[in-house]
Amino acid sequence: MINRIIKLPSQNSFFLFGPRQTGKSTLLRQMFPIEQTLYYDLLKTEEYFRLSVHPEQFRDEVLSRHPSIRYVIIDEVQRIPLLLNEVHWLMEQAKPPQFILTGSSARKIKRGQANLLGGRALTLQFFPLLRAELGERFSLYKALEIGTLPKVYLEKNRQLACDLLQSYVETYLKEEIQLESQIRNLNPFLQFLTLAAYDNGNAISFTNIARETGVSYQTVKSYYQILEDTLLGFFLLPYRKSLRKRLSQHPKFYFFDNGIVRALTKTLTVPLEPKTDLFGRAFEHFIILEIMRTIQYEKLDYRMSYYRTEHGAEVDLILETPRG
């Protein structure tokens with residue numbers, strides 16, 4: 001068992017958002033005793049259809065729960081946003097249970113103007129494995145080559161690990177993102193995904209990507225927004241004293257895992273050789289992910305950015321503390 005360093009609230013209800021296969025369900029089963037928990041897995045077809053048609057059944061089941069039930073977990077809550085209305089109502093009743101609501105995307109919840117519980121539930125993010133969590137199992141080369149998604153990293157057979165990554169890209173990143181984001185024409189988006197992976201860690205030119213994919217500038221920006229909203233990556237803004245000027249400059253975009261970039265660019269079979277550009281970029285990506293994840297877990301109010309001079313010299317990462 002790997003001890004994750006995220007600190008989960010012991011009493012407050014909370015959302016736990018993170019990409020698929022980061023280990024959310026495993027963590028919750030470890031943290032919350034099954035005999036004290038009502039568990040709803042919305043990835044199960046029968047559970048999804050039952051509660052989609054009759055969300056009020058969820059309320060009835062929670063109200064009639066055994067007195068020993070202290071926790072209610074809804075896994076992939078974004079699949080039925082209406083359940084959040086029921087959760088809200090239940091939280092207003094006397095002695096409600098602790099609600100734990102997980103999701104791989106907040107996009108569908110936000111887009112549907114779903115009930116986000118008005119601040120009654122904390123919001124946490126969850127990520128693939130950190131070096132500190134792996135301890136003696138950590139291998140830098142392995143983390144750079146296949147990333148740290150738990151199921152992939154802990155797989156001893158490297159070929160199978162690569163197959164798992166490729167399957168993740170083919171099924172989750174392509175099919176499910178299409179469903180979550182209601183993309184009608186998938187081909188330009190798939191082409192964009194590959195280009196975005198090749199540009200991972202580079203300053204983005206939305207215009208160039210639009211030209212190469214044959215879609216508009218605004219569509220490319222919306223594609224990146226989809227990746228950010230579905231927690232598949234994040235923007236790193238250039239350093240400027242003025243926040244307004246930062247937003248007007250070319251940002252960088254980093255995917256949430258090294259292995260995903262390698263799978264999208266179909267370079268999983270290419271060894272990473274030290275002192276090469278490919279190795280350097282993968283190492284930069286890994287370090288920035290480690291820092292970003294640690295900032296989130298430790299709840300540090302640090303702002304991340306990068307700096308590039310007029311002559312092209314670059315500082316990969318700047319951390320600003322609340323004191324400036």
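**Surface, dimensions and sheet architecture of the predicted chain**

The chain exposes about 16800 Å², and carbon and sulfur atoms supply 51% of this area. The coordinates are those of a predicted model. Of the 324 residues in the chain, 48% are buried.

The overall dimensions were examined next. The C-alpha trace spans about 65 × 45 × 45 Å along its principal axes. The radius of gyration of the chain is 21 Å; a compact globule with 324 residues would have a value near 20 Å, so the two agree. Contacts between residues at least 6 apart in sequence were also classified by separation: 70% of them join residues at least 24 apart.

The secondary structure comes to 15 helices and 9 strands. Two open sheets are described below, one of 5 strands and one of 4 strands.

In the sheet of 5 strands, the order is E2-E3-E4-E1-E5 and the pairing is parallel. Its edges are formed by strand E2, covering residues 37-41, and strand E5, covering residues 122-125, each of which pairs on one side only. From one strand to the next, the twist averages 15 degrees. Strand E1 comprises residues 14-17 and runs parallel to E5, to which it is joined by 4 bridges. Within this pairing, leucine 16 stands opposite leucine 124 of E5.

The sheet of 4 strands is open as well, with the order E7-E6-E8-E9 and mixed pairing. Here the edge positions are taken by strand E7 (252-255) and strand E9 (314-320), and each pairs on one side only. With direction ignored, neighbouring strands of this sheet are turned by 35 degrees against each other on average. Strand E6, residues 233-238, runs antiparallel to E7, and 4 bridges join the two strands. Leucine 236 has lysine 252 in E7 as its bridge partner. Helix H12, formed by residues 217-229, packs on this sheet and touches both E6 and E7. The direction of helix H12 makes about 115 degrees with that of E6.

The pairings detailed above thus cover one parallel case, E1 with E5, and one antiparallel case, E6 with E7. In each of these pairings one partner is an edge strand, namely E5 in the sheet of 5 strands and E7 in the sheet of 4 strands.

Terms used: Residues are numbered from 1 along each chain as its sequence is written. This is a predicted model: local features need pLDDT of at least 70, side-chain atom pairs count only at pLDDT 80 or more; totals for chains, interfaces and linings use all residues. Side-chain values use heavy atoms; hydrogens and water are left out. Two strands pair if DSSP finds at least two bridges between them. Axes are lines fitted to C-alpha atoms, for helices over the stretch in contact, and angles run from 0 to 180 degrees between N-to-C directions. Contact means heavy atoms within 4.5 Å. The radius of gyration is taken over C-alpha atoms; the globule rule is 2.2 Å times the number of residues to the power 0.38. Buried means under 20% relative accessible area, exposed over 50%, partly exposed in between (1.4 Å probe, protein chains only). Accessible areas come from the Shrake-Rupley method with a 1.4 Å probe; for residues, only the protein chains shown count as cover.
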